[in-house]
Amino acid sequence: MSSHPFALFLVSLITLVVLRVPIGLAMIGSGVAYLGLSGQDLGLAAEQILNGLYNSYVLLAVPLFILAANLMNAGTISERIFEFCGLLVGRMRGGLAQIDILVSVIFSGMSGSALADAAGPGLITIRQMLAKPGYPPGFAGAVVVASATIGPIIPPSIPMVIYALISGASVGALFLAGVIPGLLMAVALMIAVQIIAIRRNLPRETPAPRSTWLKLARRAMLPLSLPVVLLGGIYSGAFTPTEAAAVAALHALILAGPVYRALDLRGLYHVLLDSARSSAVITLVIAGAFLLNYVFTAEGIPRLLAAWIEQQHLGQTGFMLLINLAFLILGCFLDTTVMLLVFVPMLLPAVNALGIDLVYFGVVVIVNMMIGLVTPPFGMLLFVTHALTGVPIRAMVREGWPFLVALLAVLLLITLWPALTLWLPGWSRG
Amino acid sequence: MSGMLARLRALGDAWSVVLFATLFVVFIVQISARFLFDQPLPWTDELAVVLYLWVVLWAAAASVREREHVRFDLIHDLMPESLRRAVRILGHLALSLLGLLALPASWDYVSAMRQETSPVLGIPMFWVDLPFVLLLIGIVMRSAHALWLEALEARS
């Protein structure tokens, strides 16, 4: 073990990150510096990254899920689901907030990204809330931000695909394991909204006339069929997750284009370009992580960490609680993709040594990271929602704590009770 | 931004779109072959992976806008404006130097791949791996361009 180049590697990584170099490129850059300092061939950087990407077939699901979500947002699919959910929960107090949560649950069943949820259906409900007296902007923003965290927990899910890649756990099992935690998050958030709505006397929505119910339900029927097809396909083993992603994108393209006529060729061009860019941004971080993990493994860091954790005699529950606490704190400051790709691989040997189920660990960690998307000062969902609506981040944070408590309660529940994640995948395996 | 630069960028974007659209079509072909015609194709998986490499590395080099990157902004945002500029300039300098450093060895690696071909389609791996070199060139060019812009701003 050569500690000298490794120390310089860490210093250069931190320096580049502080110098505002994009994080993926900072990892690649410091990896190149490490190879140079330890006298290795600099071409190893190209080899590690290219082989890593070339051999990660499951990663192909990422651009396709991004494309699917962008097509749904461009193709009035979110509006239709919004109207349909209005029929179901609009008459509750704080109806728009309840609608938002339900829309998030349904949209989660079609898209795998929290940011797409906030930018699509979230934007629609927040505009409705801001146009109505009775919903303070901070509250409206906080509801949208909190409910968007459900997106990658209910399958499909981009973070779960990435986790499957680094851990070797089955994507299908991870997807199924997310269903119950995702629904629990929705219930917890709906309870929080209900309590606030009664205390503040938030308005109800005027019910749609009975004669339009059938029409509204029919308008939503085609989009609503997608989660059923996706879950059914993955659950029965008919599609691989990557194929499910392509089916979702095709379904959304057909609805947005020929069926609803909401997307012309120019619109399609921009959707494809946006999807290519978002995929590239995520993949740069993944590429950097391949090189970073090569360096960490060459230096034996995960093994050292596993040995150290074993010496602490934490037990499974103690370990999980400690990891949750550490990730919640890191999540306030770091991007979730970076956390997933840098810290999780370091912990996996310890997870295996302690005999913790990889699917359970993955779902807990991803729920934890979604909470990291809403905790200031660094919370991507806060940034996106602020950029799209102009609601001040401070106002969202001030109104957001009841939802944070609700999400933390679910996190604690699924951490202490692994059956909540493992029952569904175990049951489907028979 | 000058007219030529805008046109170059539009061209780069168009190539990203072509690559992504082809990737999507290859997937649709694969799924239809399997589900509609019950005849899985051997080449679609491989072509999809090759296109994936091209899409993400090319788009990262040519289409991703500066503000879209994942960065750690917290410390930068706490600094006074004069220091922020110094941080940005140092960052661009460091990145372009590291890019230049990695380029020759990466080119050697990729050129050595001329001898190897992909298992099903027989595509020389040189063409599969080439976008990594393009990404490095893109990084160096974009850092140089950003430095140029900072220099212009400092003068005015």
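**Salt bridges, burial and a helix face in a predicted model**

Student: In this predicted model, what makes the pair B:Glu81 and B:Arg88 a salt bridge?

Tutor: The closest N and O atoms of B:Glu81 and B:Arg88 are 3.7 Å apart. A salt bridge requires a side-chain nitrogen of Lys or Arg within 4 Å of a carboxyl oxygen of Asp or Glu, so the pair qualifies. Shared partners join B:Glu81, B:Arg85, B:Arg88, B:Glu150 and B:Glu153 into one network of salt bridges.

Student: Why is B:Arg88 called buried, and why is B:Glu81 called partly exposed?

Tutor: The relative accessible area of B:Arg88 is 18%, and buried means under 20%; B:Arg88 is therefore buried. B:Glu81 stands at 46%, between that limit and the 50% above which a residue is exposed, so B:Glu81 counts as partly exposed.

Student: How do you know that A:Glu399 and A:Arg200 link distant parts of the chain?

Tutor: The two residues form a salt bridge, with their closest N and O atoms 2.9 Å apart. A:Glu399 belongs to helix H19 of chain A and A:Arg200 to helix H10 (residues 171-200) of chain A, 199 residues apart. At 17%, A:Glu399 is buried, whereas A:Arg200, at 40%, is partly exposed.

Student: Where do A:Arg277 and A:Asp274 lie, and what makes them a salt bridge?

Tutor: Both lie in helix H13 of chain A, three residues apart, about one turn of the helix. In an α-helix there are 3.6 residues a turn, so residues three or four places apart point the same way. The N to O distance between A:Arg277 and A:Asp274 is 3.6 Å, which satisfies the limit of 4 Å. A:Arg277 is buried at 9%, while A:Asp274 is partly exposed at 36%.

Student: Which residues of H15(A) are buried, and how do you know on which side they lie?

Tutor: The buried residues of H15(A) are A:Phe319, A:Met320, A:Ile323, A:Asn324, A:Phe327 and A:Gly331. They cover an arc of only 135 degrees around the axis, and therefore lie on the same side of H15(A). Their cover includes helices H14 (301-311), H16 (336-353), H17 (358-372) and H19 (393-416) of chain A.

Student: Which residues have the most contacts inside the largest nonpolar core?

Tutor: They are A:Tyr163, A:Phe319, A:Val344, A:Phe361 and A:Phe403, in a core of 213 residues. Helix H13 (residues 265-298) of chain A gives the most to this core, with 17 residues. Among the residues that A:Phe361 touches are A:Tyr163, A:Phe319 and A:Val344, leaving aside residues up to four places away in sequence.

Notes. Residues are numbered from 1 along each chain as its sequence is written. Chains are lettered from A and ligands numbered from 1 in the order in which they are written. This is a predicted model: local features need pLDDT of at least 70, side-chain atom pairs count only at pLDDT 80 or more; totals for chains, interfaces and linings use all residues. Side-chain values use heavy atoms; hydrogens and water are left out. Buried means under 20% relative accessible area, exposed over 50%, partly exposed in between (1.4 Å probe, protein chains only). Helices (H or I, at least four residues) and strands (E, at least two) are DSSP runs, numbered from the N terminus. The arc is that of the directions from the helix axis to the C-beta atoms. Contact means heavy atoms within 4.5 Å. A nonpolar core is a set of buried Ala, Val, Leu, Ile, Met, Phe, Trp, Tyr and Cys residues joined through side-chain atoms within 4.5 Å.
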